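Work through the exercises below with the model open beside the text, attempting each task before reading its solution.

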Amino acid sequence: MKLDHITSRDNPALVRLRKLTADAGGYRKTGSVWIEGDHLLRAALQRGWQPALVVLTEAAMQDAALAALAEAAPRALVVPTALFKGLSGLESPAQIGAELALPDTPAIDANAATVVLDRLQDAGNVGAILRSAAAFGVRQVLALKGTAALWSPKVLRAGQGAHFGLRLVEGLAADDLAQLAVPMIATSSHTEHVLHRVALPSPCAWVMGHEGQGVSPALMARCALTVGIPQPGGEESLNVAAAAAICLYESERQRG
């Protein structure tokens, strides 16, 4: 590992990383992504990802566990805390971060259990759904155009490491979903089918729609089944990330 101590904010690597972190979709231009914090870095390493570059504070270099994480990269930059803050999107910045090279966009796996994201715009919701997908054994997430950038810093933080175990494909059009061989299912308040009372196909593709508009009519027409989630408390609708977790749990429960 090459170790460099950096004290200038004009260092070319830091300038490049600041531009990357300032643009939610910047990874699409650079082919690399910035992850912040030891939790995300450990999650990436556990899934076999190798960082191209690690940046850590001078204080972190004195922490044996954090210093050991830095050794996973061919190059590490040790910087003062003030310089690290310039890379951070957190109110309380972490002490370590890494740049990862993203693989080429994978092809759609036609037969995989899948979650389809239809124009979800809230990064927290998108990250939470990725986390639920990983937790319940779904390994593919397909995002239609208009969905929050899957590898943006906010989605990465909300995903808590789920990204590194998922097949992620974004920027899709609705017609691209014709490649799926598994049936698509959406939630709806206008259906006679109740989630826990209907036999769910397995594998399937759960379609989660825009926070305000829901699943588009064109995409809903492609679904083989619509189901309702009981809400005896009388609320009109659930947060989309909560609905996704419930649906994915029920799919796993029925499989089990």
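**Exercise 1.** Which strands does helix α1 lie across, and at about what angle does it run to β2?

Solution. The model is a predicted one, in which local features need pLDDT of at least 70, side-chain atom pairs count only at pLDDT 80 or more, and totals for chains, interfaces and linings use all residues. Residues are numbered from 1 along each chain as its sequence is written, and side-chain values use heavy atoms, with hydrogens and water left out. Begin with the elements, which are DSSP runs numbered from the N terminus (helices are H or I, at least four residues; strands are E, at least two). Helix α1, residues 12-22, lies across β2, β3, β4 (75-79) and β5, where contact means heavy atoms within 4.5 Å. Its direction is at about 90° to β2; axes are lines fitted to C-alpha atoms, for helices over the stretch in contact, and angles run from 0 to 180 degrees between N-to-C directions.

**Exercise 2.** Determine the strand order of the open sheet and identify its edges.

Solution. First, take two strands as paired if DSSP finds at least two bridges between them. The five strands then follow the order β1-β4-β3-β5-β2, with mixed pairing. Because β1 (2-5) and β2 (32-36) each have a single partner strand, they stand at the edges, and one side of each is left without a neighbour in the sheet. On average, neighbouring strands of this sheet are turned by 20° against each other, direction ignored. Finally, look at one pair: β3 (residues 53-57) and β5 (residues 96-101) are antiparallel over four bridges, and V55 has G97 as its bridge partner in β5.

**Exercise 3.** Establish how the buried residues of helix α3 are arranged and what covers them.

Solution. Apply the burial cut-off (under 20% relative accessible area, with exposed over 50% and partly exposed in between, 1.4 Å probe, protein chains only). In α3, residues 38-46, this selects L40, L41, A43 and A44. Viewed down the helix axis, the buried residues fall within an arc of 160°, so they line one face of α3; the arc is that of the directions from the helix axis to the C-beta atoms. Their cover includes β2, β3, α5 (64-70), β5 and α8 (153-159). After α3 comes G48, with a positive phi near 90°.
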